[in-house]
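Q: Could you take a close look at the sheet in this one for me? I'd like to hear what packs on it and what ties the neighbouring parts together.

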Amino acid sequence: MYLLLLWIFFMGNPELPQTQSDRSFNHPDKENPEANRIVKLKNKAIPIAILDPVLEALSYFPELDEVNISFEFKEKISGAVMQAQPKIFSLFADGKEKRKYRVKITRELVFGDGEMLAIEEVPFDALVGWIGHELGHVMDYLNRSTADMMHFGARYLMSKQRVTEAELTADGYAIGCGMGHQILANKNFILDNDGFEEDYKDKIRNLYMSPQMVLTLHEALIKE
């Protein structure tokens, strides 16, 4: 059971093959294959469709300049829109100083009414904030040993309290790096958007910083 939990945390749930009816007829990659092209910059791999918001988010994290991170489009991520993880082989083969990470990003948001939105069509500041939150997770992982990461992954999957702690920590890193405005824009984009299902909004309300908490922390840091 412990190994299964670790597999799910680091690799994600296996994706079932999609039937034709499951696929978006107007999938953004079909309309514009160039949008899925990967741009490689130093030790980062970024889909060109989100190059600008990713570079904007990275600019707030100079500590990640030497860290290898791949930003990867996925059709679906169970229970999330984005997810930051160590690469499983690197977790065991590399020391924490050379560990490689990936940030999985849902290619297309599917709202409750069936409307679809390519991820690059999310308002710029909200998208930068979303990515910044995931980079906050990477910051949290940097100094964790392999054993600590495995323990962290198991606790994350088994304890709602640990999930809350991890998400608050990621928000905290991003806000502490000066991204309060973008994190707030992301919260408001989700919570004020009628397209997101209430279950997802409740997850954001219950496990993450509230917009008021983000604003309070952001303003306190500005005054320092």
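A: Here is a walk through the sheet, then the helices and salt bridges around it.

Keep in mind that this is a predicted model. The sheet is an open one, built from five strands in the order 1-2-3-5-4, and its pairing is mixed. At the edges you have strand 1 and strand 4 (82-86), each with a single partner strand, so each of them has one side with no neighbour in the sheet. From one strand to the next, the twist averages 20°.

Zoom in on strand 2 and strand 3: these run parallel and are joined by two bridges. For a handy landmark, look for Ala45, which stands opposite Ser70 in strand 3.

Now for what sits on the sheet. Helix 3 packs on it, touching strand 1, strand 2 and strand 3. The direction of helix 3 makes about 140° with that of strand 2. Helix 5, for its part, lies across strand 3, strand 4 and strand 5 (100-106). Helix 5 runs at about 25° to strand 4.

Helix 5 deserves a longer look. It covers residues 124-141, and 16 of its 18 residues are buried, so the rest of the structure largely encloses this helix. Its length checks out too: at 1.5 Å a residue, helix 5 should span 26 Å, and its end C-alpha atoms are indeed 26 Å apart.

Next, the loops around the strands. Glu66 and Lys42 join their side chains in a salt bridge, at 2.7 Å from N to O. Glu66 comes from the loop between helix 3 (51-58) and strand 3 (68-74), while Lys42 belongs to the loop between strand 1 (38-41) and strand 2 (44-47), so this pair ties together parts that are 24 residues apart in sequence. Both ends are out in the open: Glu66 counts as exposed at 60% relative accessibility, and Lys42 is exposed with a relative accessible area of 66%.

Another salt bridge links Asp94 to Lys100, with the closest N and O atoms 3.4 Å apart. Here Asp94 is partly exposed, at a relative accessible area of 22%, and Lys100 is partly exposed as well, at 32%.

Those are two examples, and a search of the whole structure turns up 12 salt bridges. Away from the strands, Glu198 and Lys201 meet in one at 3.9 Å, N to O. They sit three residues apart in helix 8 (residues 198-207), so about one helical turn separates them. That spacing fits a general rule: an α-helix has 3.6 residues a turn, so residues three or four places apart point the same way. The two partners differ in how covered they are, since Glu198 is partly exposed at 44% but Lys201 is buried at 4%. This pair also belongs to a network of salt bridges that links Glu198, Lys201, Asp202 and Arg205.

Last, a helix pair to round off the tour. The axes of helix 6 (residues 146-158) and helix 7 (residues 160-191) come within 5 Å and cross at roughly 115°, and the crossing is left-handed. On the helix 6 side, the residues in contact are Phe152, Arg155, Tyr156 and Met158. They meet Lys160, Arg162, Val163, Ala166 and Glu167 in helix 7.

Terms used: Residues are numbered from 1 along each chain as its sequence is written. This is a predicted model: local features need pLDDT of at least 70, side-chain atom pairs count only at pLDDT 80 or more; totals for chains, interfaces and linings use all residues. Side-chain values use heavy atoms; hydrogens and water are left out. A salt bridge is a side-chain nitrogen of Lys or Arg within 4 Å of a carboxyl oxygen of Asp or Glu. Helices (H or I, at least four residues) and strands (E, at least two) are DSSP runs, numbered from the N terminus. Buried means under 20% relative accessible area, exposed over 50%, partly exposed in between (1.4 Å probe, protein chains only). The expected span of a helix is 1.5 Å times one less than its number of residues. Two strands pair if DSSP finds at least two bridges between them. Axes are lines fitted to C-alpha atoms, for helices over the stretch in contact, and angles run from 0 to 180 degrees between N-to-C directions. Contact means heavy atoms within 4.5 Å. A crossing is left-handed if the near helix is turned anticlockwise from the far one by less than a right angle, and right-handed if clockwise.
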